[in-house]
Amino acid sequence: GSMLQETQRRLAGLSCGNAIVVCNADHRFLVADQLQHESEQAPTIILEPAGRNTAPAIALAAIHSRQIDPEALLLVLPADHHVTDTAAFQRAVEHASERAMAGTLMTFGVVPSHAETGYGYVRCGAEWEEGLFELAEFVEKPNQETAQHYVDSGTYFWNSGMFLLRADRYLAELAAHQPEMLAACEQAMRDAHRELKITWLCQAQINHLDLKRNIPAS
């Protein structure tokens with residue numbers, strides 16, 4: 001199957017609601033076609049006229065989710081990951097869910113198998129409990145020497161780009177750190193054209209979203 005289908009299958013057995021796919025408008029038929037046989041419910045699809053980075057995409061999904069359930073928990077998954085151990089992935093999600101429900105923005109690190117220079121890393125702070133750490137910082141892709149230092153230290157993990165967070169908490173963080181981005185996303189969702197489970201954003205509103213910003217750590 002495709003990586004998108006693999007991402008959907010990885011959720012089998014987790015108590016997830018309906019998938020929300022944020023993608024480029026050009027990919028709408030591909031996404032609908034690939035996911036129609038993968039789950040009971042059709043996914044909700046939010047179409048961007050042009051691809052943006054992660055933070056606005058999560059914001060659009062969070063705004064959508066908040067309308068349905070103010071305390072909705074979002075599991076944010078890029079659709080280009082290859083996960084070999086699905087059971088371990090699901091255990092990590094379950095393990096993080098209690099803190100996420102309580103309002104902490106959770107991210108997932110991957111234990112590095114080698115000094116990889118092609119990935120960003122996360123540095124761990126204090127350990128709250130077995131396997132759960134405070135996030136000290138996101139760090140950019142390192143050079144070889146720095147990557148080796150990260151691996152040797154044992155306190156750095158590969159940044160998976162996967163998150164577990166409450167929709168309302170994420171939006172509150174954006175309101176504090178990126179109010180312009182949040183305002184643009186909210187306006188885009190208000191003005192969007194909807195039919196069935198597809199939400200179309202139009203080009204004019206989305207031009208503000210071209211902000212190269214990372215997710216606020218909290």
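## Salt bridges, cores and a helix crossing

User: Where do Glu173 and Arg169 lie, and how many residues apart?

Analyst: Glu173 and Arg169 both sit in helix 6, residues 167-177. They are 4 residues apart, about one turn of the helix. Keep in mind that this is a predicted model.

User: What do the side chains of Glu173 and Arg169 form?

Analyst: They meet in a salt bridge, with N to O at 3.1 Å.

User: And Glu173, buried or exposed?

Analyst: Glu173 is buried, because its relative accessible area is 11%, under the 20% cut-off. Its partner Arg169 is partly exposed, with a relative accessible area of 24%.

User: How many salt bridges does the structure hold?

Analyst: The structure holds 7 salt bridges. One of them joins the side chains of Arg10 and Glu6, at 3.8 Å from N to O.

User: Is Arg10 buried or exposed there?

Analyst: Arg10 counts as buried, at 4% relative accessibility. Glu6 is partly exposed, with a relative accessible area of 27%.

User: What about Arg66? Which residue forms a salt bridge with it?

Analyst: That is Glu186. The closest N and O atoms of Arg66 and Glu186 are 3.2 Å apart. This pair links distant parts of the chain. Arg66 belongs to helix 3 (residues 54-68) and Glu186 to helix 7 (residues 179-191), with their positions 120 residues apart.

User: What is the relative accessible area of Arg66?

Analyst: For Arg66 it is 33%, so this residue is partly exposed. Glu186 also counts as partly exposed, at 23% relative accessibility.

User: Stay with those helices. At what angle do the axes of helix 3 and helix 7 cross?

Analyst: Roughly 55°, and the axes come within 10 Å. Helix 3 and helix 7 are therefore oblique to each other.

User: Left-handed or right-handed crossing?

Analyst: The crossing of helix 3 and helix 7 is right-handed.

User: Which residues in helix 3 and helix 7 meet?

Analyst: Helix 3 brings Ala55, Pro56, Ala59, Leu60, Ile63, His64 and Arg66. Helix 7 brings Met181, Cys185, Glu186 and Met189. Arg66 and Glu186, the salt-bridged pair, are among them.

User: New topic, the largest nonpolar core. Which residues touch the most other members?

Analyst: Leu74, Leu165, Tyr170, Leu171 and Leu201 do. The core has 24 residues.

User: Which elements supply at least two residues of this core each?

Analyst: Helix 3, strand 3 (73-76), strand 7 (156-166), helix 6 and helix 7. The largest share comes from helix 3, with 7 residues.

User: Why would nonpolar side chains be buried together?

Analyst: That is a general tendency in soluble globular proteins.

User: Back to Leu74. What does it touch?

Analyst: Leaving out residues up to four places away in sequence, Leu74 touches Ile58, Ala61, Ala62, Ser65, Phe163, Leu164, Leu165 and Ala167. One of these contacts, Leu164, is part of a second, separate core.

User: How many residues in that second core?

Analyst: It has 11 residues. Leu14, Ala96 and Met106 are included, as is Leu164.

User: Last one. Where is Glu195?

Analyst: Glu195 lies in strand 8, residues 193-195. It counts as partly exposed, at 43% relative accessibility.

User: What separates the C-alpha atoms of Glu195 and Val139?

Analyst: The separation is 40 Å. Along the chain, Glu195 and Val139 are 56 residues apart.

Terms used:
Residues numbered from 1 in each chain as written. Predicted model: local features only at pLDDT ≥ 70, side-chain atom pairs only at ≥ 80, totals over all residues. Heavy atoms only, no water. Salt bridge = Lys/Arg side-chain N within 4 Å of Asp/Glu carboxyl O. Buried < 20%, exposed > 50% of the residue type's maximum accessible area, 1.4 Å probe, protein only. Core = buried A, V, L, I, M, F, W, Y, C linked by side-chain atoms within 4.5 Å. Contact = heavy atoms within 4.5 Å. Axes fitted to C-alpha atoms, helices over the stretch in contact; angles between N-to-C directions. Parallel < 35°, antiparallel > 145°, perpendicular 65-115°, else oblique. Left-handed = near helix turned anticlockwise from the far one by under 90°.
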